[in-house]
Every structure is written in C-alpha cells, then in structure tokens.
Amino acid sequence: AILLCFLFSCSTTENSSLGNMLAVMQVDEPIPGVCDNSNVIAILPFPGNGQIKAKAPLTDEEITQKLNTEVEYLKDKTNYDDKGMVSLIVNCKGEMVKCSMSNKTKSPELDQQIVDVFSIMVNWKAGTVNGRSVDTSVLYSFEIKNGVISL
C-alpha cells in the first residue's frame with residue numbers, strides 16, 4: 001500500500017527552478033505514474049504566487065451531480081449526514097494517478113462509491129508552478145446532509 005503523509009512543509013527554494021514558497025507533500029512510498037516523487041506540490045491558494053492548480057475535466061457542479069446520481073449507498077438514506085475528503089494526485093502530464101479517501105466517512109462502502117466517481121476523471125490539465133507542469137495533490141472536501149452530497 002502507498003502510505004502518504006499529508007504534513008505539508010513550506011519552504012523557499014532558492015536553488016530551485018520553481019523559486020517560490022511551496023507546499024511539498026511528503027511521499028513515503030513511490031506513487032506510480034508521478035513525474036517526480038520528491039516534488040509533489042500542494043498548490044497554495046494565494047493569487048500571484050505563480051502556482052496554478054490542476055484543472056479537473058468536470059466542474060464542481062458536474063462532480064456534485066455525478067456523486068448524487070451515481071452513489072447508490074445514499075439512495076434510500078434521506079436522513080444520512082456525514083463528511084469526508086477525497087485526495088487525488090495529478091501528475092505533470094495531467095493524468096490522475098491516485099485517488100483515495102483522506103478523511104473517511106462512516107461507511108467503507110460509501111467511501112468506495114465516492115472514490116469510484118472521482119476515479120473516472122483521469123484526464124486533467126496539469127498544475128503548474130511558474131509555467132512549469134508539476135505533480136500536484138488535489139483535495140475535495142464534501143459534506144452529506146439528508147443524503148445529499150455537496151462539495
């Protein structure tokens with residue numbers, strides 16, 4: 001199994017071609033498909049920092065619609081409330097190479113169905129740092145209220 005530690009360390013990289021404040025994900029075991037296991041970036045949400053997050057092939061609204069249509073676990077659970085987080089790794093070529101739950105729900109079956117919906121989004125626009133394509137970590141938080149999923 002691939003073990004990932006989501007402890008992000010921020011550091012300036014004076015000798016790096018990236019030359020920015022970066023949040024680099026600690027990768028404890030190699031992730032098949034990434035371009036550089038030692039440099040998987042969590043794009044920081046600050047404007048003007050030269051970092052652009054990976055772009056999903058679907059909008060948040062389309063993802064939400066697919067989740068609410070395709071996740072069978074919730075179909076008869078109109079009182080179900082929960083929350084969780086999906087973690088994706090998108091490589092420098094724009095390919096999603098890993099999809100898993102980083103914060104799980106109360107149900108392993110529900111977790112798997114949610115991962116299955118996200119797993120169909122294999123072709124992304126790669127994230128960039130200063131115009132250079134990089135491997136990136138992408139997180140989607142979601143909430144379930146009365147059996148309805150929202151991002």
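1. In this predicted model, Asp76 and Lys77 are joined by a salt bridge, with their closest N and O atoms 3.3 Å apart. The acidic partner, Asp76, is exposed, at 62% relative accessibility. Its partner Lys77 counts as partly exposed, with a relative accessible area of 27%.

2. Lys77 is worth a second look, since its charged end also sits over the ring of Tyr73, 4.2 Å from the ring centre. Tyr73 itself is buried, with a relative accessible area of 17%, because that value falls under the 20% cut-off.

3. Staying with Tyr73, we come to the aromatic pairs, of which a search of the whole structure finds 2. The rings of Tyr73 and Tyr80 have their centres 5.8 Å apart, and with their planes at 85 degrees the pair is edge-to-face. Tyr80 is buried as well, at 12% relative accessibility.

4. Tyr80 has a lysine of its own to show you: the charged end of Lys106 sits over the Tyr80 ring, 5.2 Å from its centre. If you are viewing this region, it may help to display Lys77 over Tyr73 together with Lys106 over Tyr80.

5. The other aromatic pair is Phe118 with Tyr140, whose ring centres lie 5.0 Å apart; the planes are at 50 degrees, so this pair is tilted. Phe118 belongs to helix H2 (residues 108–119) and Tyr140 to strand E9 (residues 136–145), so the contact ties together parts that are 22 residues apart in sequence. Both rings come from buried residues: Phe118 has 0% relative accessibility, and Tyr140 has a relative accessible area of 10%.

6. Back to the charges. How many salt bridges does a search of the whole structure find? The total is 3, and the Asp76 to Lys77 contact is one of them. As a reminder, side chains of opposite charge can pair when their charged atoms come close.

7. Another salt bridge links Glu70 to Lys66, with the closest N and O atoms 2.7 Å apart. Both residues lie in helix H1 (residues 60–70), where they are 4 residues apart, about one turn of the helix. Glu70 is partly exposed at 37% relative accessibility, and Lys66 is also partly exposed, with a relative accessible area of 24%.

8. Finally, the side chains of Glu143 and Lys145 meet in a salt bridge at 3.8 Å, N to O. That still qualifies, because the cut-off is within 4 Å. Glu143 is partly exposed at 37% relative accessibility, and Lys145 is likewise partly exposed, at 47%.

Definitions and conventions. Residues numbered from 1 in each chain as written. Predicted model: local features only at pLDDT ≥ 70, side-chain atom pairs only at ≥ 80, totals over all residues. Heavy atoms only, no water. Helix = DSSP H or I, 4+ residues; strand = E, 2+ residues; numbered from the N terminus. Buried < 20%, exposed > 50% of the residue type's maximum accessible area, 1.4 Å probe, protein only. Phe/Tyr/Trp six-rings, centres within 6.5 Å; stacked < 30°, edge-to-face > 60°. Lys NZ or Arg CZ within 6 Å of the ring centre and 35° of its normal.
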